[in-house]
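Reader: I have a protein chain before me and should like to learn how its parts are arranged. May we go through it by question and answer?

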Amino acid sequence: MRGGESSVSVRITAVIPLYRVEPYLPDLLGSLRAQHLGPYELDLVFIDDGSPDASGDVVERWLPTSPFPARLIRQENAGVSAARNRGLDEAAGEWITFPDSDDVLADDYFASVARFLVRDAHRLDVASARLLRLREPNPTPEDVHALSFRFAGGDRVVPLSAYPDFFQLNVASAFFRLGDLRRAGVRFRTGLHASEDALFVAEYLLGLPSPRLGLVAGASYIYRRRASRDSAVDAFRTDQRAYFERFEAGYEPLMRSCGESGVPEWLQSMFLYECQWLLPVQFTPDGRADVLDEEGRARVLRALGACAVHVSESRLFGYDATALPLESRLLLQLLAGRDLPRWVGAYAVSEGGEILTSTPMRLGSAVAVTCSEGSRLPASAVDTVVPDYFGQTVLAVARITTSSPLRSVTVDGRARRIVRARRGEQLAEVTDRDRRRRAGSWAIPAREGEVRVWKPITGPDAGPVHRLRRLLRVARRQLARTINRRRRGR
């Protein structure tokens, strides 16, 4: 045990793969040296995965100065999953974690996690630290991760069956019981080019009757977003396989393996989280998947549809971990072979003195529009747009621009509710507000391009101080949003 806080301590093994991280290692090694004392014993296992730079040599020179037992294992390049599996085989701690070698740990990282585990280990299956983001060249970590809402209630344990949006995807900030992993035979999948850590977590949790996630709000893991944009997270966009392999070889087989018991909602939410980073960005210059050829685009759509079949309609439209746009959800609904929900409306916003009405529908649907004075709008006045999500041909949007509000919009003979914008609202805010009303949830409606969801604390065991602090933060954001909307609406 390091330090005298408690007679009980936990032993932790940190497995750290090394590959092309020479410039970033001093920061990680410095943060390891700066770790506070606490009720833990820590040993470090570095795996040099055939790195072509001097990453392994940097660590080798550092080992004699390490404040913890540490060793370096060198192997031929086999990928991050193989390196982590080697670390799994070599680990000796009660708990195991897998920090990335280009990231940084807060000074009290292991001490905070250890105190939590000493107190609550009997109530949880996996623990997670808070993720902060270090966006180079800004030297200050920011609390901007999309899933940061999970930690707003402080340290607590959450049953995933009751709170499916509190899922865990990465292993870098997670802690697992080593014995449980070995008994379950869970390994990192080699050969995948994205989401191998999320699939590792999912496979482990699927073997548990009622998985519980421990949230360690006091422990900060600092994830680096490299200015060079050459990390594995960034590089996946240049590799076709990263777009469909995770679904073809990962999520879909896992979902199918659930059989008659059904896919747990937390796993459905994990899939939808992946879609957050895949679908809306197709309309941005940096996110569009230009690397995909025609067959690659078709494979993505087939893979998404095969997974979406396992996502219930209630989960698809009730998912609330990120601000997945309504249009993306409707695409998944159609790719799954289902009809659009009857509640989907025609959404009207004011733009430049005119009113734009946007109506999502199945491609090929017939649209009839009646103006406010009762006359029928000619078909030529309806602009049908097919959003280019990987060349999909199932979802379309009818757009009508008029000088006055419409009286009715009918799609395939069925009247659509016309949902009108509040003053200054964007189209994305209108659709998100309508979806939430139908799903029975509340949050500040998301604007176009937003990912984070601003809502009060959900989940168990949050104290009144945490709840009040979060409510005030959400209220301030809501007030600022309302003021800005009214200014835009003048």
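Author: Contact here means heavy atoms within 4.5 Å. The model is a predicted one.

Reader: Which residues of α10 do those of α8 meet?

Author: On the side of α8, the residues involved are Y243, F244, F247, E248, Y251, E252 and M255. By kind, the residues of the contact between the two helices comprise ten nonpolar, one polar and three charged. The partners in α10 are G296, R299, V300, A303, L304, A306 and C307.

Reader: Are α8 and α10 roughly parallel or roughly antiparallel to each other, and why?

Author: Two packed helices are described by the angle between their axes and the distance between the axes. Here the axes of α8 (residues 241–257) and α10 (residues 294–308) come within 9 Å and cross at roughly 20 degrees. Angles under 35 degrees count as roughly parallel. The two helices are therefore roughly parallel.

Reader: Is the crossing of α8 and α10 left-handed or right-handed?

Author: The angle of roughly 20 degrees does not carry a hand in itself, so the hand is stated separately. For α8 passing α10, the crossing is left-handed.

Reader: What is the order of the strands in the open sheet of three strands?

Author: Strands of a sheet pair through backbone hydrogen bonds, either parallel or antiparallel. In this sheet the pairing is antiparallel. The edge strands, each pairing on one side only, are β12 (367–371) and β16 (414–416). The order is β12-β15-β16.

Reader: By how many degrees are neighbouring strands of this sheet turned against each other on average?

Author: The value is an average over neighbouring strands, with direction ignored. It comes to 30 degrees.

Reader: Which residue in β15 is the bridge partner of C371?

Author: Strand β15 covers residues 406–411 and runs antiparallel to β12. Five bridges join the two strands. The partner of C371 in β15 is L406.

Reader: Is S195 buried or exposed?

Author: S195 lies in the loop between α5 (178–184) and α6 (196–206). Although not a glycine, S195 has a positive phi of about 65 degrees. Its relative accessible area is 12%, and since buried means under 20%, S195 is buried.

Reader: Does D461 count as buried or exposed?

Author: D461 is found in the loop between α13 (427–439) and α14 (464–488). D461 is not a glycine either, yet has a positive phi of about 65 degrees. Its relative accessibility is 51%, and because the cut-off is over 50%, D461 counts as exposed.

Methods:
Residues numbered from 1 in each chain as written. Predicted model: local features only at pLDDT ≥ 70, side-chain atom pairs only at ≥ 80, totals over all residues. Heavy atoms only, no water. Pairing = 2+ DSSP bridges. Helix = DSSP H or I, 4+ residues; strand = E, 2+ residues; numbered from the N terminus. Axes fitted to C-alpha atoms, helices over the stretch in contact; angles between N-to-C directions. Buried < 20%, exposed > 50% of the residue type's maximum accessible area, 1.4 Å probe, protein only. Parallel < 35°, antiparallel > 145°, perpendicular 65-115°, else oblique. Nonpolar A, V, L, I, M, F, W, Y, C, P; charged D, E, K, R; others polar.
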